[in-house]
Amino acid sequence: MTNDEIEKKWKTTEDLLKVDYENEFHEKNELMIADPKAVVKSYLHGAITQLRLLDYHDEDYKVPWTRKQFMWVLADPVGISKQKQAEQWKHECFAMTNKFRGVTA
């Protein structure tokens with residue numbers, strides 16, 4: 001797969017994961033606090049980054065979620081269970097990358 005094909009493959013998914021800083025963050029005691037949805041998007045972005053890396057190295061892998069599951073985890077309301085699921089997927093994607101020795105950015 002060429003670099004352009006890889007970028008095109010993940011473009012739509014990354015567009016879904018763009019964080020709306022005005023609406024997904026709020027200030028509390030002078031600290032910026034992320035809404036749960038922003039946390040989920042961050043976890044998924046990390047997962048996507050690892051899958052893209054595997055694509056660049058022509059490695060075979062299985063995406064740990066279905067489209068339906070992916071859309072569910074992003075749908076409102078986002079709570080602890082969705083955050084934990086997104087975090088688990090991120091860890092699974094990192095594990096896949098680590099499985100292939102020498103696969104680095």
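Which residues have the most contacts inside the largest nonpolar core? Let us keep that in mind while we get our bearings, remembering that this is a predicted model.

The chain has 105 residues, and buried residues make up 33% of them. Its secondary structure consists of 5 helices and 2 strands, and reading along the sequence gives the pattern α-α-β-β-α-α-α. If you look at contacts with a separation of 6 or more, 68% of them join residues 24 or more positions apart. The accessible surface of the chain is about 7200 Å², and carbon and sulfur atoms account for 51% of that surface.

Now back to the opening question. The largest nonpolar core has 20 residues, and those with the most contacts inside it are Val-40, Leu-44, Leu-51, Trp-65, Val-73 and Leu-74. Helix 1, helix 3, helix 4 and helix 5 each supply at least two residues of this core, with helix 3 giving the most, 7 residues. A wider tendency is worth recalling here: in soluble globular proteins, nonpolar side chains tend to be buried together.

Leu-44 is a good residue to click on next. Setting aside neighbours within four places in sequence, Leu-44 is in contact with Leu-17, Phe-70, Val-73, Leu-74, Ala-86 and Trp-89. Two of these partners, Val-73 and Leu-74, also appear in the list of residues with the most contacts inside the core.

Helix 3 deserves a walk of its own. This helix has 21 residues and spans 31 Å from its first C-alpha to its last, close to the 30 Å expected at 1.5 Å a residue. Gln-50 has its place in helix 3 and is buried, with a relative accessible area of 11%. Not counting residues up to four places away in sequence, Gln-50 touches Cys-93, Phe-94 and Thr-97. Just after helix 3, Asp-58 takes a positive phi of about 55°. Further on, in the loop between helix 3 and helix 4, you will find Val-63. Val-63 counts as partly exposed, at 26% relative accessibility. Its C-alpha atom is separated by 7.8 Å from that of Leu-51, a residue 12 residues apart from Val-63 along the chain.

Helix 1 offers another view of the packing. It has 14 residues and reaches 21 Å between its first and last C-alpha atoms, close to the 20 Å expected at 1.5 Å a residue. Where does helix 1 have its kink? The kink is centred on Trp-10 and comes to about 40°. Trp-10 is also one of the buried residues of helix 1, alongside Ile-6 and Thr-13. What covers these buried residues includes helix 3 and helix 4.

With the core in view, let us turn to the charged side chains. Side chains of opposite charge can pair when their charged atoms come close. How many salt bridges does a search of the whole structure find? The search finds 6. One of them joins the side chains of Lys-9 and Asp-55, at 3.1 Å from N to O. Lys-9 lies in helix 1 (residues 3-16) and Asp-55 in helix 3 (residues 36-56), so this pair ties together parts that are 46 residues apart in sequence. The two partners have contrasting surroundings: Lys-9 is partly exposed at 39% relative accessibility, whereas Asp-55 is buried, with a relative accessible area of 5%.

A second salt bridge involves Lys-37 and Asp-76, whose closest N and O atoms are 3.6 Å apart. Lys-37 lies in helix 3 and Asp-76 in the loop between helix 4 (67-74) and helix 5 (80-99), so the pair ties together parts that are 39 residues apart in sequence. Lys-37 is partly exposed, with a relative accessible area of 22%, while Asp-76 is exposed at 60%.

The side chains of Asp-15 and Lys-18 also meet in a salt bridge, at 3.5 Å from N to O. Here Asp-15 is partly exposed, with a relative accessible area of 36%, and Lys-18 counts as exposed at 54% relative accessibility. Finally, take a look at Glu-7, Glu-14 and Arg-52, which are linked in a network of salt bridges.

Key. Residues numbered from 1 in each chain as written. Predicted model: local features only at pLDDT ≥ 70, side-chain atom pairs only at ≥ 80, totals over all residues. Heavy atoms only, no water. Salt bridge = Lys/Arg side-chain N within 4 Å of Asp/Glu carboxyl O. Helix = DSSP H or I, 4+ residues; strand = E, 2+ residues; numbered from the N terminus. Buried < 20%, exposed > 50% of the residue type's maximum accessible area, 1.4 Å probe, protein only. Contact = heavy atoms within 4.5 Å. Areas by Shrake-Rupley, 256 points an atom, 1.4 Å probe, with all protein chains shown as cover. Expected span 1.5 Å × (residues − 1). Bend = angle between axes of the 7 residues up to and from the residue. Core = buried A, V, L, I, M, F, W, Y, C linked by side-chain atoms within 4.5 Å.
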